[in-house]
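Dear colleague,

Please find below the structure for your records. My account of what was found in it follows directly after.

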Amino acid sequence: QVQLVESGGGLVQPGGSLRLSCAASGIIFRLNAMGWYRQAPGKQRELVARITTGGTANYADSVRGRFTISRDNAKNMVYLQMNSLKPEDTAVYYCKTDGGSNWGRGTQVTVSS
């Protein structure tokens with residue numbers, strides 16, 4: 001059973017920072033590329049960051065330079081460091097493997113003054 005548990009979301013002011021965590025189980029974690037996705041109200045889910053098995057990262061244009069994805073294979077964890085947050089970043093954030101179809105509950109990020 002594949003399980004993905006996101007955490008670390010919350011309410012933050014514009015310009016603030018948050019660090020999201022994703023704990024994965026039921027997979028050989030080190031053999032899977034991982035991605036962070038988000039879904040804002042009234043919008044479709046979108047990929048915001050991806051990290052390969054070798055640690056190479058890719059980002060959506062909207063977050064490049066502000067977000068950093070990382071992974072710890074020894075802990076089966078993937079992280080998303082979010083800096084300089086904007087109201088447009090408000091969404092539920094999810095993690096997922098490249099080829100998987102399982103989603104966790106997500107974690108809510110709200111950027112507002």
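I begin with an aromatic residue: Tyr37 counts as buried, at 14% relative accessibility. Please bear in mind throughout that this is a predicted model.

Aromatic pairs

The structure holds 2 aromatic pairs. In one of them, the ring centres of Tyr37 and Trp103 are 5.0 Å apart and the planes stand at 80°, so the pair is edge-to-face. Tyr37 belongs to strand β4, whereas Trp103 sits in the loop between β9 and β10, so this pair ties together parts that are 66 residues apart in sequence. Trp103 is partly exposed, with a relative accessible area of 32%. The other pair joins Trp103 to Tyr94: here the centres are 5.8 Å apart and the planes again at 80°, so this pair is also edge-to-face. Tyr94 is buried, its relative accessible area being 12%. Through these ring pairs, Tyr37, Tyr94 and Trp103 are linked into a cluster.

Salt bridges

As general background, side chains of opposite charge can pair when their charged atoms come close. In this model the count comes to 5 salt bridges, and I describe here those that involve Arg38 or Asp89.

Arg38 is buried, with a relative accessible area of 5%. Its side chain meets that of Glu46 in a salt bridge, at 2.9 Å from N to O. Glu46, by contrast, is partly exposed, at a relative accessible area of 33%.

Arg38 also forms a salt bridge with Asp89, with the closest N and O atoms 2.9 Å apart. This pair links distant parts of the chain: Asp89 is in the loop between β8 and β9 (91-97), and Arg38 is in strand β4 (residues 34-39), 51 residues apart. Both Asp89 and Arg38 are buried.

Asp89 has a further salt bridge, to Arg66, where the closest N and O atoms are 2.7 Å apart. Here too distant parts of the chain are linked, since Arg66 lies in the loop between β6 (57-59) and β7, 23 residues from Asp89. Arg66 is buried, as is Asp89. Salt bridges that share partners thus join Arg38, Glu46, Arg66 and Asp89 into one network.

The nonpolar core

In soluble globular proteins, nonpolar side chains tend to be buried together. The largest nonpolar core of this model has 27 residues, of which Trp36, Ile69, Val78, Leu80, Met82 and Tyr93 touch the most other members. Two or more residues each are given to this core by β3 (18-25), β4, β5 (46-51), β7, β8, β9 and β10 (107-111). The largest share, 4 residues, comes from β3.

Tyr93 merits a separate remark. Leaving aside its neighbours within four places in sequence, Tyr93 is in contact with a set of residues that includes Trp36, Leu80 and Met82, which are also named among the core members touching the most others. Further contacts of Tyr93 include Glu6, Leu20, Phe67, Gly106, Thr107 and Val109. Tyr93 also contacts Tyr37 and Arg38, the former being part of the aromatic cluster and the latter part of the salt-bridge network.

The sheet

An open sheet of 4 strands is present, in the order β1-β3-β8-β7 and with antiparallel pairing. β1 (3-7) and β7 (67-72) stand at the edges with a single partner strand each, so one side of each is left without a neighbour in the sheet. From one strand to the next, the twist averages 15°.

The edge strand β7 pairs with β8 (residues 77-82) in the antiparallel sense, over 6 bridges. Within this pairing, Arg71 has Val78 of β8 as its bridge partner. Val78 is also one of the core residues that touch the most other members.

A residue in a loop

Arg71 appears once more in connection with Thr52, which lies in the loop between β5 and β6. Is Thr52 buried or exposed? Thr52 is buried, with a relative accessible area of 19%; the cut-off for that class is under 20%. Not counting residues up to four places away in sequence, Thr52 touches Ala33 and Arg71.

In short, the points I would draw to your attention are the cluster of Tyr37, Tyr94 and Trp103, the network of Arg38, Glu46, Arg66 and Asp89, and the open sheet of 4 strands.

Yours sincerely,
A colleague

Methods
Residues are numbered from 1 along each chain as its sequence is written. This is a predicted model: local features need pLDDT of at least 70, side-chain atom pairs count only at pLDDT 80 or more; totals for chains, interfaces and linings use all residues. Side-chain values use heavy atoms; hydrogens and water are left out. Two strands pair if DSSP finds at least two bridges between them. Axes are lines fitted to C-alpha atoms, for helices over the stretch in contact, and angles run from 0 to 180 degrees between N-to-C directions. A salt bridge is a side-chain nitrogen of Lys or Arg within 4 Å of a carboxyl oxygen of Asp or Glu. Buried means under 20% relative accessible area, exposed over 50%, partly exposed in between (1.4 Å probe, protein chains only). A nonpolar core is a set of buried Ala, Val, Leu, Ile, Met, Phe, Trp, Tyr and Cys residues joined through side-chain atoms within 4.5 Å. Contact means heavy atoms within 4.5 Å. Rings of Phe, Tyr and Trp (its six-membered ring) pair if their centres lie within 6.5 Å; planes under 30 degrees apart count as stacked, over 60 as edge-to-face and the rest as tilted.
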